[in-house]
Amino acid sequence: MHEYDETASTPVTSAVLTTPSSANVLTLSPVTGLRGQVSIPGDKSISHRALMLGSLAEGETTIQGLLLGEDPRSTAACFRAMGAEISELNTTWVRIKGIGLGQLQEPADVLDAGNSGTTMRLMLGILASHAGRFFAVTGDGSLRSRPMRRVVDPLRQMGAQIWGRAGGNLAPLAIQGGSLKGIHYHSPVASAQVKSCLLLAGLLAEGTTQVTEPALSRDHSERMLRAFGAEINADPEEKTVAVVGGSRLRGQAVTVPGDISSAAFWLVAGSIVLESELLLENVGLNPTRTGVLEVLREMGADIQIENPREIAGEPLGDLRVRSAPLRGCTIAGDRIPTLIDEIPVLAVAAAFADGVTVIRDAAELRVKESDRLAAMAQELGRMGAQVCEHPDGLEIQGGIPLQGTEVDSHEDHRIAMSLMVAALGAQGSTTLVGADCARISYPDFIPTLQRLTDL
């Protein structure tokens, strides 16, 4: 990072990250000219699913490019506790000796999902279908406040027995595994977590389990389940996917592409920081996840896809982004499920864009690791942005220079990284409290930011 001394002709390098105790405080200053190559960490959604399906499959599964964040570590710890043999996690080569579908062991202790909603929600479908075994699941304080009824209610319709606080809406949760029956569930929200939970429950259910959504959510589960041998039928026009119970899963070699949700921070940073050019390598380009590319291009971003290819059923490529003037747009409707995790950093892009950006139909963000709509409205507002908060979105008047000040991550990794990006284009220094939570999904984000800004 560079802190500018008004009496000097060249920038003075300053300390970036200080950790005076348990409070992680990051000081950032505005920069010009982000340049270089960035290796994007493995896709978190795919990493979770590879660990889970590898544990449930027969034989050996190998994973290359696994995300080493805290959330996948929580998934691995839970499945180790239920009998799966998972080697030490690393980005190059992870081996899993699966124990076979329906063979998870009753754990001796409570399963801890940490901060990972994906771990808890997807695992509930798996646990509920393991007849004759009892499971208890909890998480950290944030996860224990996040709603679980969206998966608990349809699982109960399939015959699951689940108990917990607030009628089963809040963890800790207790699950008595049993015999489930397939249902056709019409989800009120487009949620990959809800869909994936029910498909995983349907693997051992009697008959066929179908999920219909109001809009297509990300389809990593369907792709990977099919690769592992499950009978998956999808009808994109009807926004329906189904799994036939009784499938056998067989171990596979999985290569995890870079997470486009992580790449989004660099796409926005490269767009708003003058004289920038970044090459983001090996980014997953699954069409159910590329809404962020479409929106940024509509805003005027200069983003090119290079070397497009496909590995293990997942499309990927390299993304080159160059700085460009942005303009406001509307982000709503069927686009939202394709970029739900990227909305915090898109709000940053909106603050730097000319005109008004309107975000609607994104109430789901209120029940993430934090209330992301409220958090971004509050913190961008502290920096001088004009942000109007609505029940399901934000309205942002762009083009007003942001001012460095003290902001807070709300202990949410995506809020933390979004505010770091905002600080790069603000006037004066910005102090971010709670910066270290970025490691949850992107362990090397701060070191990468340091490297790109100290060149």
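In the predicted model, Gln176 is in contact with Gly132, Arg133, Phe134, Gln161 and Trp163, when its neighbours within four places in sequence are left aside. The residue belongs to strand E12, which spans residues 170-176. A further relation across the sequence is that to Ala131: the two residues are 45 positions apart along the chain, whereas their C-alpha atoms lie 7.6 Å apart in space. With a relative accessible area of 25%, Gln176 is classed as partly exposed, because the partly exposed class runs from 20% to 50%.

The contacts of the protein chain as a whole were also examined. Of those with a sequence separation of 6 or more, 74% join residues that are 24 or more positions apart. The secondary structure of the chain comprises 14 helices and 26 strands. The radius of gyration is 22 Å, close to the 23 Å given by the globule rule for 455 residues, so the chain is as compact as a globular protein of that length. Along the principal axes, the C-alpha atoms occupy a box of roughly 75 × 45 × 40 Å.

Burial and surface were assessed for the same chain. Among its 455 residues, 58% count as buried. The exposed area of the protein chain amounts to about 16500 Å², of which carbon and sulfur atoms supply 48%.

The interior of the model was then searched for enclosed space. Three cavities of 30 Å³ or more are present in the structure, and the largest cavity contains about 40 Å³ of space. Its lining is formed by Arg49, Met52, Leu53, Leu122, Leu200, Ser221 and Leu225. By class, this lining consists of five nonpolar residues, one polar residue and one charged residue. The charged member is Arg49 and the polar member is Ser221, while Met52 and the leucines of the lining fall in the nonpolar class.

Two helices each contribute at least two residues to the lining of the largest cavity, namely helix H1, which covers residues 44-56, and helix H7, which covers residues 220-228. The greatest contribution comes from H1, which supplies three residues. Arg49, Met52 and Leu53 are the lining residues that fall within the range of H1, and Ser221 and Leu225 are those that fall within the range of H7. Leu122 and Leu200 also line the largest cavity.

How values were computed:
Residues are numbered from 1 along each chain as its sequence is written. This is a predicted model: local features need pLDDT of at least 70, side-chain atom pairs count only at pLDDT 80 or more; totals for chains, interfaces and linings use all residues. Side-chain values use heavy atoms; hydrogens and water are left out. On a 1 Å grid over the protein atoms alone, a cavity is a set of points where a 1.4 Å probe fits but cannot get out, and a pocket is an open set with protein on both sides within 12 Å along at least five of seven lines; lining residues have an atom within 4 Å of a point. Grid points are joined across faces, edges and corners, and a volume is the space filled by probe spheres set on the points. Helices (H or I, at least four residues) and strands (E, at least two) are DSSP runs, numbered from the N terminus. The radius of gyration is taken over C-alpha atoms; the globule rule is 2.2 Å times the number of residues to the power 0.38. Buried means under 20% relative accessible area, exposed over 50%, partly exposed in between (1.4 Å probe, protein chains only). Contact means heavy atoms within 4.5 Å. Accessible areas come from the Shrake-Rupley method with a 1.4 Å probe; for residues, only the protein chains shown count as cover.
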